[in-house]
Amino acid sequence: MANGSCDGCGRPVTVTGGIANLWTFGEESEGSAMTLELADGTSHLLCYPCIEALPDEGEPTATDIERLEQVDEETSRLDVL
Ligand SMILES: [Zn+2]
């Protein structure tokens with residue numbers, strides 16, 4: 001267990017595990033997060049709402065991570081997921 005902030009929306013999160021597969025998350029508690037390793041070799045700590053907001057198609061990229069911030073600010077959609 002470790003604490004940090006989401007690379008997407010910036011909210012404080014608790015890390016429940018290490019590198020994990022993107023699509024194996026399930027009924028995790030709100031505020032938990034996971035480190036995603038991208039195809040370009042970078043890793044990003046993301047909360048579950050941000051992970052769910054990533055595009056379903058293909059590998060997520062750093063551009064997708066940056067886009068998460070905009071999603072959160074513009075719509076607050078992540079708060080209700
Ligand atoms: Zn987030």
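**Exercise 1. Judge the confidence of the model.**

The protein chain averages a pLDDT of 72, and 62% of its residues score at least 70. Here pLDDT is the predictor's confidence in each residue, from 0 to 100. This is a predicted model, in which local features need pLDDT of at least 70 and side-chain atom pairs count only at pLDDT 80 or more, while totals for chains, interfaces and linings use all residues. Residues are numbered from 1 along each chain as its sequence is written.

Task: find the elements with the lowest and the highest mean pLDDT.

Solution.
- Step 1. Strand E2 (residues 12-19) has the lowest mean, 65.
- Step 2. E4 has the highest, 88.
- Step 3. Over residues 20-26 the pLDDT is below 50. Beyond near neighbours in sequence, this stretch has six contacts in the model. A contact means that two C-beta atoms, placed from the backbone, lie within 7 Å.
- Step 4. Where pLDDT is low, predicted coordinates should not be read in detail.

**Exercise 2. Lay out the fold.**

Task: state how many helices and strands the protein chain has, and their order.

Solution.
- Step 1. Apply the rule: helices (H or I, at least four residues) and strands (E, at least two) are DSSP runs, numbered from the N terminus.
- Step 2. The protein chain has two helices and four strands.
- Step 3. Along the sequence, the pattern reads β-β-β-β-α-α.
- Step 4. Of the contacts with a separation of 6 or more, 35% join residues 24 or more positions apart.

**Exercise 3. Work through the E3–E4 hairpin.**

Task: describe how E3 and E4 pair, and name bridge partners.

Solution.
- Step 1. Strands pair if DSSP finds at least two bridges between them. E3 and E4 run antiparallel and are joined by five bridges.
- Step 2. Thr-35 lies in strand E3 and stands opposite Leu-45 in E4. Their C-alpha atoms are 10 residues apart along the chain and separated by 4.3 Å.
- Step 3. Met-34 has Leu-46 in E4 as its bridge partner.
- Step 4. Five residues sit between the two strands of the hairpin, and Gly-41 in the turn has a positive phi of about 95°.

**Exercise 4. Classify three residues.**

Task: are Thr-35, Leu-36 and Ala-39 buried, partly exposed or exposed?

Solution.
- Step 1. Count other C-beta atoms, placed from the backbone, within 10 Å: 20 or more is buried, 12 or fewer is exposed, and in between is partly exposed.
- Step 2. Leu-36, in strand E3, is buried because it has 23 such neighbours. Its C-alpha lies 9.0 Å from that of Pro-60, 24 residues apart along the chain.
- Step 3. Thr-35 has 16, so it is partly exposed.
- Step 4. Ala-39 lies in the loop between E3 and E4. Ala-39 has 10, so it is exposed. Ala-39 and Thr-61 are 22 residues apart in sequence, yet 7.2 Å apart C-alpha to C-alpha.
- Step 5. Over the 81 residues of the protein chain, buried residues make up 27%.

**Exercise 5. Find the core.**

Task: which elements give two or more residues to the largest nonpolar core?

Solution.
- Step 1. A nonpolar core is a set of buried Ala, Val, Leu, Ile, Met, Phe, Trp, Tyr and Cys residues joined through C-beta atoms within 7 Å.
- Step 2. The largest has 15 residues; those with the most contacts inside it include Cys-6, Leu-46 and Ile-51.
- Step 3. The elements are strand E3 (32-37), strand E4 (43-47), helix H1 (48-53) and helix H2 (62-75).
- Step 4. H1 gives the largest share, four residues.
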